[in-house]
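Let's walk through a protein together, starting with its overall build and ending with the charges on its surface. Take a moment to turn the structure around before you read on.

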Amino acid sequence: MADDTKERYINPYTDFGFKKLFKQAEIAKFSPEERQDYEESVKIYRDLKNSLDTAEWKGEKKGIQKEKIDTALRMKAKGYAVEDIADITKLSIEDIEIL
């Protein structure tokens, strides 16, 4: 019977959406100083997250570019035409000739 009663009620800590609602209610109780500290910590978190996301994105771009260059070098070593290498790797003909 106790299990049946449990199933009829929503657990505010595990059900979808309620965790966020309770967190907002807790924030609403903050004093002005606590709210300012909280907002500052959120700002710092967002700044760090954006910095990391940007670094990750730039790293991926660098990795893709390096892979294109490595592919072009292998193709060049096997005697592929520069135009074919440029077409396949999307590197410029000038860049391939420099390699």
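What follows is a short tour, from the whole chain down to single side chains.

Keep in mind as you look that this is a predicted model. Start with the overall build: the protein has 5 helices and 0 strands. If you trace the chain from the N terminus, the order of elements reads α-α-α-α-α.

Next, how much of the chain is hidden? Of the 99 residues in the protein, 9% are buried. The surface that the protein exposes comes to about 8800 Å², and carbon and sulfur atoms supply 57% of that area. Contacts add another view: among those between residues at least 6 apart in sequence, 10% join residues at least 24 apart.

Now zoom in on the charged side chains. The count of salt bridges comes to 5, and we can visit some of them. Glu-26 pairs with Lys-29, with their closest N and O atoms 3.4 Å apart. Are these two partners buried or exposed? Glu-26 counts as partly exposed, at 45% relative accessibility, while Lys-29 is exposed, with a relative accessible area of 62%.

Moving along the chain, you reach helix H3, which covers residues 32–77. Here the side chains of Asp-70 and Lys-66 meet in a salt bridge, at 3.1 Å from N to O. How far apart are these two residues along the helix? They are 4 residues apart in helix H3, so about one helical turn separates Asp-70 from Lys-66. Asp-70 is partly exposed, since its relative accessible area is 25% and buried would mean under 20%.

Another salt bridge joins the side chains of Glu-67 and Arg-74, with 3.7 Å between N and O. Glu-67 is partly exposed at 43% relative accessible area, and Arg-74 is partly exposed as well, at 47%.

Finally, look at a group of acidic residues. Glu-83, Asp-84, Asp-87, Glu-94, Asp-95 and Glu-97 form a negative surface patch. Which elements give two or more residues to this patch? They are helix H4 (82–89) and helix H5 (93–98). Take Asp-84 as an example: this residue lies in helix H4 and is partly exposed, with a relative accessible area of 41%. Residues in a patch need over 30% relative accessible area, so Asp-84, at 41%, clears that cut-off.

Notes. Residues numbered from 1 in each chain as written. Predicted model: local features only at pLDDT ≥ 70, side-chain atom pairs only at ≥ 80, totals over all residues. Heavy atoms only, no water. Patch = residues over 30% accessible without salt bridge, like charges linked within 9 Å, V, L, I, M, F, W, Y side chains within 5 Å. Areas by Shrake-Rupley, 256 points an atom, 1.4 Å probe, with all protein chains shown as cover. Salt bridge = Lys/Arg side-chain N within 4 Å of Asp/Glu carboxyl O. Lys, Arg positive; Asp, Glu negative; His and termini not counted. Charge placed at Lys NZ, Arg CZ, Asp CG, Glu CD. Buried < 20%, exposed > 50% of the residue type's maximum accessible area, 1.4 Å probe, protein only. Contact = heavy atoms within 4.5 Å.
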